[in-house]
Amino acid sequence: MLKLGEFQDRIIATREIPARLEVFGEFPQATNPQLIEALAAEGIDKLYSHQAEMFERALARENVVITTGTASGKTLAYLLPVLQGILEDPRARAMLLFPTKALAQDQLRSLLRLIGHLGKGRIQAGVYDGDTPPVERTRIRESCNLILTNPDMLNAAYLPNHGRKGFSHVFRNLRYLILDEMHSYRGAFGSHVANVMRRLRRVCHHYGSKPQFLCSSATIANPAELATALFEEPFSHVEKDGSPASGKTVHFWQPPVTENDFRRSVVQEMSDFLPRLINGRVRSICFCRSRKETEIVLKETRDALGSVDGGHNESSLVAGYRGGYTPEERRGVEKDLISGRLIGVVSTNALELGIDIGGLEVVVQGGFPGTRASFWQQIGRAGRRNAKSHAFVMLRMSPMDQYLALDPDWLMRKQAEHAVVDADNLMIQLSHIRAAAAELPLTVDDVVLFPDLGETVAILVEAGELRDLRGTYHWCGPAHPAGDFSLRNMDGDRFKIVNRETGMTLSEMDRPQTYHEAHPRAVYLHDGLQYLVERLDLVGHVATVVPVEQNYYTEPDVRTAIEVLNVQESSDLPRSQNWFGDVRVIDSTLGYKMLEFHNHQNLGYEVLPERLVIELETEAAWFHVPANVLRVLGGESQDYLKGMVHGVISCARMKTMAEGADLRGTSFHFTDEESGITKTSIIVYDGHPGGLGFSLKTHENLKSILTSAIKLVEQCRCREGCPACVGDYQLDRQLILWSLKSLFNELASPEGHKVALPPRKTRVQKSLAWQDLAEQWQTLVANLPIRGESGAAFLRSVTTVRLRGETLILAVPSAALATWSSDPAIKERLKEIIRRRVRGPAGFDLEFEVAESDQDRAKIADKKLRRRYKDLTGEAP
């Protein structure tokens, strides 16, 4: 029995998963006797029923996907037909794709043991990834039957080099392609991989091979459909699990309410509970939702274990595991878990996949992980050695988690979600069509693979990257277009985190993560240690850090601006209007908060010396807030639009099966071109370039999403408002509820809330003379209204001004210059604001220049824009 002690009252529900007995199947009659002998040497004399079924189907040359439970032997199920085929034809090649390097290395260890029983050197295998030395890469290409790699290497190394020695031999003899952990290939990553598979089939056709596809996956609702979407081939499905499973107890954990009526955070609860498990020598894993949470829980757990039983230090019994650690660090943690040197590990979902980490007894989830597939995969990490295990689901103050507090059986009884990919996303297709053209000339037949080929070819010809030779299009652009994009990251820019004292690279990050976690003066956490970011070099892509010991960590202050590029559709709501179209999202990191370890109190706020700006062009759905609602919310000291956004985005994610990075939301001011009226609006947008359809689904289902948001707020069990229903303890739940209901019906203003009156229009006195404008500019902008006059905020961003005759020259930030200076209508609006306040020439001109302090940032922004333009169109602007 697991003793919880003072934590027992946190458990609000418990569910039992019963043990399962094994069911065996027979070896197919065509099984090679040598394979049966090799299995016997490994102690395997029978196959589970699902292994026998997949073996039989694969021998019949079916494409097969298998979705049995964690530790059920799925790997052996897909290896058996592959090994059988290689024994029959030693020239045959099989490529095994794993989503992570660590998983490939882990599978190689068990694979080498099995093929060793088939005769020394008879079947060879190796891992081909970014860490593989050149000599080993040559051996693998020329000699290995089993090539363990990942989609990134297939995209950037194998396909672009298919004509070179060794590579061509692999594709000519490629008989099997294995895709392990198929459920992880969804969203943008899955959409990219689907296009990599298009290119793979194209190259294989060139060499006369047609590989068979075998996939394994955690439980999802549509495995055969997802496999078909990835490979565009029909698949059969093996799902009946014949492996034994130990029983498991799932505990639903509700953090307690503190003295100030706030619930304790999941991070605090994990930091208190994990030391108790480790002290009791209970082998445990804690899953956190982010890298930063992982590091905070790790540090606070080690602090608690630093002095146990009179001063004994047991902090070495727990380790961290996440992306960003070096391969050596991750493999060291894996080995220490298997050997028993570690009792606990704090991880992101990086350890969710099937890496062997020994026998664990307890899994702790820091909140619902986002999908049921991830939930089952994570809790399956414990109890892998036929002993009963425990899983704890710690409930966050989020709508989904608090719904589980009301109905935990929703999680236990419901099937997993549908995994979605959009292989025909235009921006993703463009990247892969460019790569495909460099691999082989494009022909009219390739339209079967790439639906938007015709439109794309025209753009690439115009850009000078393709030339037409008798109806086939040959690549004449830059050498390696497959290296121009990442399969996984929205932004391909990578930054190194370098320790100045040792010169060692601690980690690498993409640009968005760098701006959030490695901005100047940020406290960067790595393996439980603290580093202070001394300098962020935006040109050299290096963040320089030094070790420190401080009592706080940092959280970035990120502000979002929206620019509507194109309206595609619009529809009416009862008291609003709903639009769908293309937008530009501008995220600016302006400063950071300092939060104390252990109690997580805010110690202060600092402004960054330079704003860090990222732009994203994507799809979005938005609707305007009725005027009477704005008048009421405008009378409040808190930002109540955030509460409306919270309800809408939470329900939109549940409706569209999107994760936090897939679908985001905020409020903004939208100027309707038809009426010319600026309307305060709530927007939901895709988190990926070009969009993946999440915001389109939101637009199509907006009424039901708004109805769900009303229910979310109305049915919450909190007294006044909480992070689960309105996103903040400081917001009045009833006022948010009234605001959401007012989208459907005009309701009387709620009692106890004052209505903000529209600003009175007053005559502006022309108080400044033209010749004094440069000297008195700050006086002019200080008197501009905070709201109600479009363009005032822009003028307040001006740093210096100059006069040249009847021309006023404004020095503005580079981001503002790009957005505003080219639009004649906006320029005229700015001139009118100035004209109404300055005694001077009525026909003066207005020019812009980049402020001297922003010159470097302007160069970086220009460089990035040019690179992004070429990534998307292949044409240098």
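**Entry 1: the seven-stranded sheet**

I began with the open sheet of seven strands, whose order in this predicted model I read as β1-β11-β16-β15-β12-β14-β13, with mixed pairing. I then looked up the edges and found β1 (11-17) and β13 (318-321), each of which pairs on one side only. For the twist I noted an average of 15° from one strand to the next.

**Entry 2: β12 and β15**

How do strands β12 and β15 run, parallel or antiparallel? I recorded them as parallel, with four bridges joining β12 (residues 284-287) to β15 (residues 362-365). I also looked up Ile 285 and found that its bridge partner in β15 is Val 363.

**Entry 3: the helix across β13 and β14**

I next turned to helix α11, which spans residues 291-305 and lies across β13 and β14 (344-347). I noted that α11 runs at about 170° to β13, the strand already listed as an edge of the sheet.

**Entry 4: Leu 177**

I located Leu 177 in strand β8, residues 174-179. Is Leu 177 buried or exposed? I entered it as buried, because its relative accessible area is 0%, and the cut-off for buried is under 20%.

Which residues does Leu 177 touch, leaving aside those up to four places away in sequence? I listed Met 95, Leu 97, Met 197, Leu 200, Pro 211, Gln 212, Phe 213, Leu 214 and Phe 231.

Finally, I checked Leu 177 against Ala 458: the two are 281 residues apart in sequence, and their C-alpha atoms are 33 Å apart in space.

Conventions
Residues are numbered from 1 along each chain as its sequence is written. This is a predicted model: local features need pLDDT of at least 70, side-chain atom pairs count only at pLDDT 80 or more; totals for chains, interfaces and linings use all residues. Side-chain values use heavy atoms; hydrogens and water are left out. Helices (H or I, at least four residues) and strands (E, at least two) are DSSP runs, numbered from the N terminus. Buried means under 20% relative accessible area, exposed over 50%, partly exposed in between (1.4 Å probe, protein chains only). Contact means heavy atoms within 4.5 Å. Two strands pair if DSSP finds at least two bridges between them. Axes are lines fitted to C-alpha atoms, for helices over the stretch in contact, and angles run from 0 to 180 degrees between N-to-C directions.
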